[in-house]
Amino acid sequence: MLGILDKGQTRAAPFATYTMLAPRGFSRRSVVIFALFASFIVGLFFASSRMGALCEDGSYCDISSFRHHLSLGGSGKSASHGVGSTVGSGECDHFPDTSSVLLVMKTGASEAYGKLPNQIMTNLKCVPNYLFFGDMAQKVAGHTVHDSLDTVIPDVKRKNKDFNLYHRQQQCPIDLDSCNKNHNVGQEAWSLDKYKNIHMAEKTYAMRPNHDWYLFVDADTYVVWPTMMKWLSKLNPKQPLYIGSVAYVANFPFGHGGSGYLVSQAAMHKLFHGKNGVANRWDERATHECCGDFMFSLALHTETGVSVQNAWPTINGEKPHTLPYAENEWCQPIATMHHAGAQEISDIYAFEKGRNFSYPLRIKDLYHEFVEDQLVVSRNDWNNLSDDVFYLNKSASAYSDWELGRAKKGDLTALEAVAHRSFEDCRKACDGASDCLQYRFWNGICSFSKTIKHGNPTKLEKEVWWRFKSGWNLKRIKEWVTAHDTCGSVSFPFQ
């Protein structure tokens, strides 16, 4: 208290001096402090009240993502952040700003607990905007999985065996594995899946109508976000765009769902804005078709005139060990990979994190990281996916039409003529062909490949004749890689 006495004042009147100075301090500094404290309390109340709503659909369920959402004014989109800005802190410091994209991940109740947690812990850790859709309303690791099929026309659900799995899941009082134990869940899930795509797109737009881009993927799809965001910075979401890795049903093109497909704001707006029951118009048709990704393409084209554009190999249906490493793909940027298991997603994410999520990630980078050191002279019980040309004796066994169609029939060299007899004969024939990089022997078929593939293990068969065995010409592969390893500037589809 002595510190506030005026010079020359005695201690006999300290209280009088204090009561004179206190009102002056209260009217300035104390009032400001009180106002700031009150603002903090109000802000904290608002944040806590919003947290539950933000987490309800599985998008902003960690503090760093919530903080990022608030920094964007609660819109879920960035008005000023460009490609390369960061999300969160620490591990996400070098992660690109993905706020203009809404990731829509499709799963099924029978697989959700096996696939989604790994995505949440790795590839989605730094992504603020995503939704999960399946064939049952669930909570997985605290994240909501929306039922994409609850709005399918009731008659379609009641009269259709495709929905056997759906109805059984709704009635299961315990864990789904027990309820599904004596059923062919894989086939049932496939039959049910085709009804999801249009419905989940319609629900997505109703929930989040203001994103520039909507990226639809499966739960076993890995998204390379640095590549994706750099690419999207070169595209215009105000144009009606539907981009994917093109496949066909009866000559009608569609974006392969597992590879992932992009739909721009303009295309989603044309399909759903101001309309009701768009997906229901296609429920009955879906009962006669094979696939949900095909159904989405058909609906989008019929309703809006927008057709899919092919972006392979940047949008890709393979993964590091099944990708074909060849001249047309080697230097290309890659944005998605499909059929990635939990360990593979974890490994690719660790690789990206070790690179500080740097751009670009080319297909050749995956070869050097995951495949190069795995190639050996030969490997038993292994299918290295060599299938460019077959050598076989069609009178020795019953071969399928596609196998016979790939068989070389004329102008055989002496080595090619006997390549079907054994693995060793197959190796000699490959060594004798200057463009053969690897080979495979199985069931009396010797097959060559002009591209590099690693492949996957096969079941151990009792009879040697039915066992897969694969080989690689390591010297020739090394020479090919050295000759092609220098790449120019990155080129994206439609940039």
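**Exercise 1. Work out which strands helix H8 lies across, and place the sheet around them.**

Step 1. Start with helix H8 (residues 196-207), which lies across strand S1 (101-106), S2, S4, strand S5 (213-218) and strand S10 (261-264). Its direction makes about 145° with S2. Angles here run from 0 to 180 degrees between N-to-C directions, with axes as lines fitted to C-alpha atoms, for helices over the stretch in contact. Contact means heavy atoms within 4.5 Å. Helices (H or I, at least four residues) and strands (E, at least two) are DSSP runs, numbered from the N terminus.

Step 2. Now add helix H10 (residues 265-272), which packs on the sheet and touches S5 and S10, at about 75° to the direction of S10.

Step 3. Lay out the strands: the sheet is open, has 8 strands in the order S3-S4-S2-S1-S5-S10-S7-S11, and its pairing is mixed. At the edges sit strand S3 (138-140) and strand S11 (309-310), each pairing on one side only. Strands count as paired if DSSP finds at least two bridges between them.

Step 4. Zoom in on one pair: strand S2 (residues 130-134) and strand S4 (residues 143-147) run parallel and are joined by 3 bridges. Phe133 has His146 of S4 opposite.

A word on the source: this is a predicted model, where local features need pLDDT of at least 70, side-chain atom pairs count only at pLDDT 80 or more, and totals for chains, interfaces and linings use all residues. Residues are numbered from 1 along each chain as its sequence is written, and side-chain values use heavy atoms, with hydrogens and water left out.

**Exercise 2. Find the two strands that pair with S16, and say whether S16 is enclosed.**

Step 1. On one hand, S16 pairs with strand S17 (residues 445-449) in the antiparallel sense, over 5 bridges. The hairpin of S16 and S17 has 2 residues between the strands, and Asn443 in this hairpin takes a positive phi near 55°.

Step 2. On the other hand, strand S19 (residues 469-472) runs antiparallel to S16, with 4 bridges joining them.

Step 3. Use Arg440 as your marker: Ser447 in S17 stands opposite Arg440, and Ser470 is the bridge partner of Arg440 in S19.

Step 4. Check burial, where buried means under 20% relative accessible area, exposed over 50%, and partly exposed in between (1.4 Å probe, protein chains only). Strand S16 (residues 438-442) has 4 of its 5 residues buried, so the rest of the structure largely encloses it.

**Exercise 3. Compare three salt bridges by where their partners sit.**

Step 1. Set the rule: a side-chain nitrogen of Lys or Arg within 4 Å of a carboxyl oxygen of Asp or Glu. That gives 26 salt bridges.

Step 2. Take Lys353 and Glu91, at 3.9 Å, N to O. Lys353 is in helix H13 (residues 342-354) and Glu91 in the loop between helix H2 (63-71) and S1, so this pair ties together parts 262 residues apart in sequence.

Step 3. Next, Asp220 and Lys115 have their closest N and O atoms 3.9 Å apart. Asp220 belongs to the loop between S5 and strand S6 (222-223) and Lys115 to helix H3 (residues 112-121), so parts 105 residues apart in sequence are tied together. Asp220 is buried at 12% relative accessibility, whereas Lys115 is partly exposed at 27%.

Step 4. Finish with Asp431 and Arg427, whose side chains meet at 2.7 Å, N to O. They are 4 residues apart in helix H17 (residues 423-432), about one helical turn.
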